[in-house]
Amino acid sequence: MRYAINYTPSAGDPLTLAAAQWLGRNPFSGEAMEPPATRDLGLHEIAFNTAVPRRYGFHGTLKPPFRLADGIAESLLLRNLMHFAGQHERVRLPQLEVVRLGNRFALGPCEHSEALHLLAGAVVQHFDAFRAPLTEAELERADPGHLSAAQFANLYRFGHPHVMDEFRFHMTLTGPLGPQEIGRFEKVLRRHFEPFLERPLEIANLALFVENEPGAPFLVHSLHPLGSVMSRKIA
């Protein structure tokens with residue numbers, strides 16, 4: 001079993017539902033969903049090119065997937081996550097936009113947020129004590145020979161290369177696309193998501209995602225509101 005600490009909007013948020021339709025699965029219920037009908041892409045093209053993000057569910061990673069260290073129970077992780085969330089304030093972002101990351105697409109903020117960067121770093125550092133060390137097979141899958149020096153150091157210190165100063169918040173929408181597919185996917189993604197991206201985004205919770213067995217789809221286990229009860233009432 002593996003866990004991940006992410007951000008995802010609430011189950012009923014319109015963005016959650018739009019992303020679940022696009023990816024073909026709702027990460028709260030596990031329910032399969034029909035991709036949006038469009039003249040520009042076939043349903044099989046969408047299904048094939050969203051297979052990887054569909055398994056992980058719609059989210060922005062804060063603490064990448066990890067196995068629990070020996071002697072750490074899920075109940076202890078949950079108590080700590082609840083307490084940690086209560087000690088950190090919500091983060092308001094400018095609106096999201098469809099962004100291209102190499103040959104993939106994602107949703108990302110239109111400008112950098114130092115507050116979110118600091119929150120992500122705090123999550124990574126605090127919960128590293130709960131993470132089992134990477135196995136040799138896991139290290140090999142990370143392909144360390146293709147990492148920068150900073151990414152290599154992150155992999156061995158925190159179990160993942162793209163954390164701390166290498167972190168960039170994003171919510172993945174596709175797997176890798178071929179050159180002939182990028183333009184068509186970008187057009188469809190903008191048309192599908194832009195109605196839901198007109199307002200600023202508030203990072204209001206930390207979401208615990210769970211992979212029950214290797215290769216299984218990740219599901220939302222629980223949402224943990226950020227901020228003290230009093231600050232949430234004021235907001």
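Is Gln180 buried or exposed? Let's start there, and keep in mind that we are looking at a predicted model. Gln180 has a relative accessibility of 57%, so it counts as exposed, since the cut-off for exposed is over 50%. You'll find Gln180 in helix α8. If you want a sense of distance, take Ala115: it sits 65 residues from Gln180 in sequence, and their C-alpha atoms are 37 Å apart in space.

Now let's stay with helix α8 and bring in a partner. To describe two packed helices, we give the angle between their axes and the distance between the axes. Here, α1 covers residues 14–23 and α8 covers residues 179–193; their axes come within 11 Å and cross at roughly 150°. That angle makes α1 roughly antiparallel to α8. The crossing of α1 past α8 is right-handed.

Who does the touching? On the α1 side we have Leu15, Ala18, Ala19, Gln21 and Trp22, and on the α8 side Phe185, Val188, Leu189, His192 and Phe193. Sorted by class, this contact has eight nonpolar residues, two polar ones and no charged ones.

Please find Trp22 on your screens. Leaving out residues up to four places away in sequence, Trp22 touches several residues of that α8 group, including Phe185, Val188 and Phe193, and also others such as Pro36, Leu41 and Ile46. Trp22 shows up again in the largest nonpolar core, which has 48 residues: together with Leu107, Phe193, Ile203 and Leu206, it is among those with the most contacts inside that core. Apart from it lies another core, made of five residues, including Ala4, Phe209, Phe218 and Val220.

Note on methods. Residues are numbered from 1 along each chain as its sequence is written. This is a predicted model: local features need pLDDT of at least 70, side-chain atom pairs count only at pLDDT 80 or more; totals for chains, interfaces and linings use all residues. Side-chain values use heavy atoms; hydrogens and water are left out. Axes are lines fitted to C-alpha atoms, for helices over the stretch in contact, and angles run from 0 to 180 degrees between N-to-C directions. Helices (H or I, at least four residues) and strands (E, at least two) are DSSP runs, numbered from the N terminus. Angles under 35 degrees count as roughly parallel, over 145 as roughly antiparallel, 65 to 115 as roughly perpendicular and the rest as oblique. A crossing is left-handed if the near helix is turned anticlockwise from the far one by less than a right angle, and right-handed if clockwise. Contact means heavy atoms within 4.5 Å. Ala, Val, Leu, Ile, Met, Phe, Trp, Tyr, Cys and Pro count as nonpolar, Asp, Glu, Lys and Arg as charged, and the others, Gly among them, as polar. A nonpolar core is a set of buried Ala, Val, Leu, Ile, Met, Phe, Trp, Tyr and Cys residues joined through side-chain atoms within 4.5 Å. Buried means under 20% relative accessible area, exposed over 50%, partly exposed in between (1.4 Å probe, protein chains only).
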